[in-house]
Amino acid sequence: MKKFILLCIVIAVATLLPGRLNAQDFLKNAQISGSFQADAALYQTDAAMGITSQSINGQPIRMNGFTEVNYEYKNFSAGLRFEAYLPPLLGYDPAYQGAGVPYWYAKYRNDLLEVTAGNFYEQFGRGMTFRTYQDWTLGYDNSMKGLRVKFMPYKGITLTGVYGFQRTFWIPYSNNNRGIVKGIDGDFSLNDIFDALTNAKLKITLGGSFVSDYQAGKTLTYPIGDKIYSLSLPENVACYGGRLNLNYSGFNFYSEYAHKINDPSQMNVYIYKPGNAILFDLSYSRQNLGIEIKSKWIDNFSYKSNRSYTINGLDINYMPAINKEHTYALPSMYPYATQTTGEVGIAAGILYTIPKNTKLGGKNGLSIALDFSQVNSIKKTPVNDSTGIGQTGTLGYNTNFYSVGNEVYWQETQVEITKKIGKKVKCVFDYLYQTYNKAVVQGHPDDPIIYSNIGVADITFNVNKKLSLRWEAQGLFTKQDNGNWAAGLMEVTISPKWFFSLQDQWNYGNSNASKQLHYYNVAAGFVYNTTRIQLAWGRQREGIICVGGVCRYVPQSSGFTLTVTSSF
Amino acid sequence: MKKATLIVIFLSAFVLCFAQSEDASAKRKTIPDVNIKDIYGNVFNAAKIDNGGKPVIIDFWATWCKPCVKELSAISDVYDEWVKETGVKLYAVSVDDPRSVSQVKPFVDGKGWTYTILLDQNSDLKRAMGVGPIPQTFILNGKGEIVWSHTTYAEGNENDVIEVVRKLVKGESIK
C-alpha cells in the first residue's frame, strides 16, 4: 500500500517537475489508453447435471473483473491494473478471491535506454529461459515486480536486464516465500548492426540469455513413504540459453537451446539432474504456399521460482506445446499441454491456396491445410542398478540427447478446407484424428488413451451487407472416455452491432444413459466501437483450457453469464 | 486495501473523464513507442508505423483466432482495390505467442495475404494500446493519429473500415 502511494507520488513528480509545471500540458499532451473486462455469472442448480447449491458453495453470483490504464506523457509512461474476484468464477483458483492492484509500473524511455520500475512482462527469445506474461482467460499471471532496464547502445542491439520477484495470486512477498529472479539477455540483428549486410538477402538475428533464481534454504527434509530424505539444495539455480534466426528469401530457420543446472523441486520429485531443452523450426513460404516443420525436445525443464509449487504459477520460463491450438468446441475437448518433465515432439504443416480463376480453385480460390503433430516420452534409463528412475535425491535418470521414448502422449492429423462459393457463402470443413494420453496429460493414471475422429462443418451465408447467418455442425467419435459427441450452432449477426447464437453439445454416446446430456446455450451480444457486451444462458460442460504448459480445469456449470469488454 | 480501491476508482474515473470527453484530449492519439519485431525477427518500433501521409489500418490478430482470419481474408479479397483507390496500407500485428509464432509467416503467405506483418509475441503493443479481445482494428489518418477503432469481426465489417478510409482520403469528417 505504502509502495503504491509512493509510486503515485513519483509519477506525479516525475511528470510535473522537469521544467513544465504546466498542468494543462500534462493533461493535453498526455495519452491514455486501457481496457476493461468483467465476467459475471449467476450459477443455477441443475439436477440432471448433479449441480446442487452445495457444489456452487452457496455463492451463486460470482465475478472476475479488471481495469487496466496506461498513461503516457512524452518519454514517460505509467500504468496499473485493478483486479477483482468477488468471488472468483468456478474453475479459477479460489486463492484469487479478493480485489486490489497486482500490477503497476512507471517507465521512462529514450532512444538509448528504457527503465521500468514496478511490474513488467518480458520474454527472452521464445521464452525457454525467461517469460512473464498474463492470460486473463487462463487466470494466469507471473509478472515480475522489480526493475527492468533495456539498453540499446547501437542499432540492432538490445540488452535487457531484469531483477525482481514474481506474482502469485495475492500472496505478498515476504520471508523468502519465493525466489528472487535475475536475468540478462542480448538480442542482435546483424543486418542492422553491419552496414554491409543491410541489403543482404540473408537476414540473421541471434541472442543469448542468462537467468538465475535465488531461493533461500540449503536443506530440506522430504518424506516419501516410510523414508525421510535429507536433501541439500542449490540456493541459486542458473539457466542459460542461445538462439538463432536465419531468413533467406522464402526460407526461415529458428533454433533455441537452453540448459538449466540441477534444480530439485516438487515438479521433478527432487532429482538433481540438470535440464535441457531445444527447439527447431524450419519454414518455406511463397505467395499462396506455406510449409513448416518443427521439433522440440525437453528434458527435466520445469523452472519455477518456488521449488515446492506444483500448481499453476511462478513459472520463470515458458514451454509452449507443439500442437495447433483449436477454437472449435469438439476439436479442443482434449487439449494437449507440455510435459516439462520430459517430452519430444514433432509437427509439420502445409497450407496451400489454389489461386482464383483456376480449374481447381474456381472463381474464389480454395485453401487446403494439412497438419500433423506427435509428442512422445523421452527415453529414461536408471543411473545405476540400485536406483530407480526418478528416485528422489539422485541424478534421477540417464537420457541421450534427442532420445525418443515409446509412450505416445499426443498425436493429431488434421485436414482443413476453406472455400468461398460465389459472393455470399463461405465454408470451412475440418477432419481430425486425435490420440490423447489423458493419463499423462491430466494426471489420471488409470484412464485409457483416447482415440477420436472429429469432423467440423462451418458455413456462413451473407444474406446482405448487414445480415449474415452461420451454422456449425460438429461430431466427435470415440470409444473411450465419455463416448460420442455431437454439436450444433446457429448464429445470426447484424453487422456491426448485434449477434445472437443458439448452440448445443450433446453427449449422446455416453455409456452412462443418465449422462447423455444436452449442453445447450443461448447468447446475445452487442458491439459498439470497442465495447462488447454478451449475455448467455445455458450449460457449460466440464473441460480443460490449456496454454503452453499451463492448464485450467473448467467445472461443469449451469446458469447465466455476462461478459463486458471495453477498450479505450 | 480499501485505500487502494478508492485510489483506483478515483484514477479510473479521472481517466475515463478524459478518455470520453468531447475533444478526447487525453485519449491515445498516436501509436506508442514500443519495440516489437518484424517478420524477420528484427526489432521494429511501433511508433514508426507509417504510410507516407496516407491512412493506415492496424489489425491485431492471431493464427488461431477464427474471426481475425475471416476479417483478414475478407479484406484480402478486396485489398488490391483498396490500395489502388485510397493508398491505404494494412499492418497485421500478430499476437501469436511462442507456441504459434513460427506459423505466422507460412500462414500469411499460404493464405496469399500481402499485408505488412509485425510480431507482438508477448502482447507488449497490445497492452500499451489497451487492446482487449482480438480482433481489434484501428485506423490512422495521414498524420498517424488514431481516428477510429473497432473490436470483434462480423461479416461485412470490412465495408465500414473502407468507408472510414475513403472519408479520410477525401478529407471528410468520419463522425
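## A buried serine where two chains meet

Leaving aside residues up to four places away in sequence, Ser35(A) touches Phe66(A), Thr67(A), Glu68(A), Ser566(A), Ser567(A), Phe568(A) and Gly130(B). So the list of contacts for this serine includes a residue of chain B, namely Gly130(B). Keep in mind that this is a predicted model.

Where does Ser35(A) sit in chain A? Its place is in strand S1, which covers residues 31-43. Is Ser35(A) buried or exposed? Its relative accessibility is 7%, and buried means under 20%, so Ser35(A) counts as buried.

## Chain A as a whole

Chain A has four helices and 30 strands. Its radius of gyration is 26 Å, close to the 24 Å that the globule rule gives for 568 residues, so chain A is as compact as a globular protein of that length. Taken along the principal axes, the C-alpha atoms of chain A fill a box of roughly 75 × 65 × 60 Å.

Of the 568 residues in chain A, 53% are buried. As for who touches whom, take the contacts in chain A with a separation of 6 or more: 59% of them are between residues 24 or more positions apart.

## Aromatic rings in chain A

Over all chains, the structure holds 33 aromatic pairs. Take Phe253(A) and Phe280(A): the ring centres are 6.5 Å apart and the planes are at 35°, so this pair is tilted. Phe253(A) belongs to strand S15 (residues 251-260) of chain A and Phe280(A) to strand S16 (residues 275-286) of chain A, so the pair ties together parts that are 27 residues apart in sequence. Phe253(A) is partly exposed, with a relative accessible area of 27%, and Phe280(A) is partly exposed too, at 29%.

Another tilted pair is made by Tyr520(A) and Trp537(A), with 5.7 Å centre to centre and 35° between the planes. What does this pair tie together? Tyr520(A) lies in strand S26 (residues 518-528) of chain A and Trp537(A) in strand S27 (residues 531-540) of chain A, so the parts being tied together are 17 residues apart in sequence. Both rings belong to partly exposed residues: Tyr520(A) has a relative accessible area of 31%, and Trp537(A) comes in at 32% relative accessibility.

There's also a group of rings to look at. Phe66(A), Tyr85(A), Tyr96(A), Trp136(A), Phe169(A) and Trp170(A) form one aromatic cluster. One of its members, Phe66(A), is also among the residues that Ser35(A) touches.

## Arginines over rings

Which ring does the charged end of Arg81(A) sit over? That would be the ring of Tyr103(A), with the charged end 4.6 Å from the ring centre. Arg131(A) has a ring partner as well: its charged end sits over the ring of Tyr318(A), 4.3 Å from the centre.

## Chain B and its layout

Turn to chain B, which has five helices and seven strands. Follow the sequence along and chain B reads α-β-β-β-α-β-α-β-α-β-β-α. Buried residues make up 60% of its 175 residues. Among contacts in chain B between residues at least 6 apart in sequence, 67% join residues at least 24 apart.

## Strand S4(B) and its neighbours

Strand S4 (residues 89-94) of chain B has five of its six residues buried, so S4(B) is largely enclosed by the rest of the structure. Strand S3 (residues 56-61) of chain B runs parallel to S4(B), and six bridges join the two. Across this pairing, Asp59(B) stands opposite Ala92(B). Add helix H2 (residues 66-86) of chain B, and S3(B), H2(B) and S4(B) make a right-handed β-α-β unit.

S4(B) also runs parallel to strand S5 (residues 116-119) of chain B, joined by four bridges. Here Val93(B) stands opposite Leu118(B) in S5(B). With helix H3 (residues 104-111) of chain B between them, S4(B) and S5(B) make a right-handed β-α-β unit.

## The covered helix H3(B)

How many of the eight residues of H3(B) are buried? Eight of eight, and the helix is mostly covered. The buried residues include charged-type names you might not expect to find on such a list, among them Lys105(B), Asp109(B) and Lys111(B). Val104(B), Pro106(B), Phe107(B), Val108(B) and Gly110(B) are on the list too. Just after H3(B) comes Gly112(B), which takes a positive phi of about 80°.

Conventions: Residues numbered from 1 in each chain as written. Chains lettered and ligands numbered in written order. Predicted model: local features only at pLDDT ≥ 70, side-chain atom pairs only at ≥ 80, totals over all residues. Heavy atoms only, no water. Buried < 20%, exposed > 50% of the residue type's maximum accessible area, 1.4 Å probe, protein only. Contact = heavy atoms within 4.5 Å. Pairing = 2+ DSSP bridges. Right-handed = clockwise from strand over helix to strand, strands pointing away. Phe/Tyr/Trp six-rings, centres within 6.5 Å; stacked < 30°, edge-to-face > 60°. Lys NZ or Arg CZ within 6 Å of the ring centre and 35° of its normal. Rg over C-alpha atoms; globule rule 2.2 N^0.38 Å.
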